[in-house]
Amino acid sequence: MIEVRGLTKTYGTERAVDNISFEVKKGEVLGFLGPNGAGKSTTMKIITCFLPPTEGSVLVDNLNVSEESVGVRRRIGYLPESTPLYQDMTTYEYLTFVGSMRGVSSTDLPRRIAHMSAVCGIGSVLGKRIEALSKGYRQRVGLAQAMIHDPEIVILDEPTSGLDPNQIVEIRELIKGIGTEKTVILSTHILSEVQASCDRVLIINKGKLVADGTPEALKANFSGAQHIKLGLQEAPENAASVLESVDHFRVTGQELLNGGETVFTVSTDTQEDMRPTLFKLAVEKGWTLTELHRDQVNLEDVFRQLTGN
Ligand code: ADP
Ligand code: MG
């Protein structure tokens, strides 16, 4: 549905997007994750025909953004980072205006607005002026305008930025609903966002694509440390050095709790589950085990490893 090939965008000497390639399949919800300045917005602006690429190509439904931008834009709904809303229009007037600009016929418009109003939950603010709306409602109106012409693809640039936690949950739910019917690309620098909403994640850093896969696959391929919490009752003084004498084990934390229990954080650099080894070691040494659990690698570890300096 979307094919990005060797895409590069330079601003002066800066390579904001540096030779990235990926595909998006019909019906996918793709998360575009990266720190500020990574090149997310620039990539989205090129896919939506707001910026020309410096090198490389983007095909949307086999239409090239550089040659057939009208056709591409017909297929895409775009919510930019700062939503362009006309403050003195009512929501209804604004959606009418945007809809007619995008070629929705005047006979279809009321039906489209009614549908978007139901999908985005803005029925109660259709008669209100946009300047009077809360940030959460503005974002809903932004989503409604992006989809007023019923595009197959929806591209959302940081759709939850600046919202409060309740609004974030609401907009996420809304995007989930949209994702069941449309192909969606959304950008964010918030990790929980992609875990909550996306089938697949691209991680972009300094203009380069550094990871591409499902959140589960990224975590599974992660080659970083795993951390095991090991609790011992009345741990002997040499427990930490005994633990460290085992291959792959490093003690990265040690905490004495009330009641004589010590909880060690044992870090390993292997993918293998090391809990059985720890259990056997405890038995062999005659230690009283009070806790043994593995902290799951989370997407945050992956993200930090891939985008850290
Ligand atoms: P993101 O959306 O991931 O935060 P952007 O795509 O907005 O990143 O920006 C990528 C890089 O390109 C940044 O270093 C930014 O400063 C630079 N950049 C973005 N837009 C422009 C512009 N219009 N002119 C010059 N540099 C820009
Ligand atoms: Mg951006």
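This is a short conversation about reading a few features of a predicted model.

Visitor: Let's start with the metal. Which residues coordinate the magnesium ion (ligand 2)?

Guide: Remember that we're looking at a predicted model. Here S41 offers its OG atom and E81 its OE, at 2.0 to 2.7 Å from the magnesium ion. The pair links distant parts of the chain, as S41 belongs to helix α1 (residues 40-47) and E81 to the loop between β6 and α3, 40 residues apart.

Visitor: Are S41 and E81 buried or exposed?

Guide: The idea is to look at relative accessible area: under 20% is buried, over 50% is exposed, and partly exposed is in between. S41 has 15%, so it is buried. E81 has 43%, so it counts as partly exposed.

Visitor: And how many residues of α1 are buried?

Guide: Seven of its eight, so the helix is mostly covered. The buried ones are K40, S41, T42, T43, M44, I46 and I47. As a general idea, an α-helix has 3.6 residues a turn, so residues three or four places apart point the same way. Just after α1 you'll meet C49, with a positive phi near 70°.

Visitor: Now for the other ligand. Which residues surround ligand 1?

Guide: To read a shell like this, list the residues and then see which elements they come from. Around ligand 1 you'll find Y11, E14, A16, P35, N36, G37, A38, G39, K40, S41 and T42. The largest share, three residues, comes from α1.

Visitor: Which backbone atoms lie close to oxygen atoms of ligand 1, and at what distances?

Guide: Take them in chain order. A38 has a backbone N or O atom 3.1 Å from an oxygen atom of ligand 1. For G39, a backbone N or O atom is 2.9 Å from a ligand 1 oxygen. With K40, a polar backbone atom and an oxygen of ligand 1 are 2.8 Å apart. As for cover, ligand 1 taken alone exposes 560 Å², and the protein buries 62% of that. The elements giving two or more residues to its shell are β2 (14-24) and α1.

Visitor: Let's finish on the surface. Which residues form the nonpolar patch there?

Guide: For a patch, look for nonpolar side chains that sit together and have accessible area. In this model they are Y86, F97 and M101, with about 330 Å² of accessible area together. Y86 is in the loop between β6 (76-79) and α3 (91-101). Its relative accessibility is 44%, so Y86 counts as partly exposed.

Technical notes
Residues numbered from 1 in each chain as written. Chains lettered and ligands numbered in written order. Predicted model: local features only at pLDDT ≥ 70, side-chain atom pairs only at ≥ 80, totals over all residues. Heavy atoms only, no water. Patch = residues over 30% accessible without salt bridge, like charges linked within 9 Å, V, L, I, M, F, W, Y side chains within 5 Å. Areas by Shrake-Rupley, 256 points an atom, 1.4 Å probe, with all protein chains shown as cover. Salt bridge = Lys/Arg side-chain N within 4 Å of Asp/Glu carboxyl O. Helix = DSSP H or I, 4+ residues; strand = E, 2+ residues; numbered from the N terminus. Buried < 20%, exposed > 50% of the residue type's maximum accessible area, 1.4 Å probe, protein only. Donors = N, O, S within 2.8 Å, 3.2 Å for Na, K, Ca; no water. Near = heavy atom within 4 Å. Polar contact = N/O pair within 3.5 Å; in protein donor to acceptor, adjacent residues only side chain to side chain.
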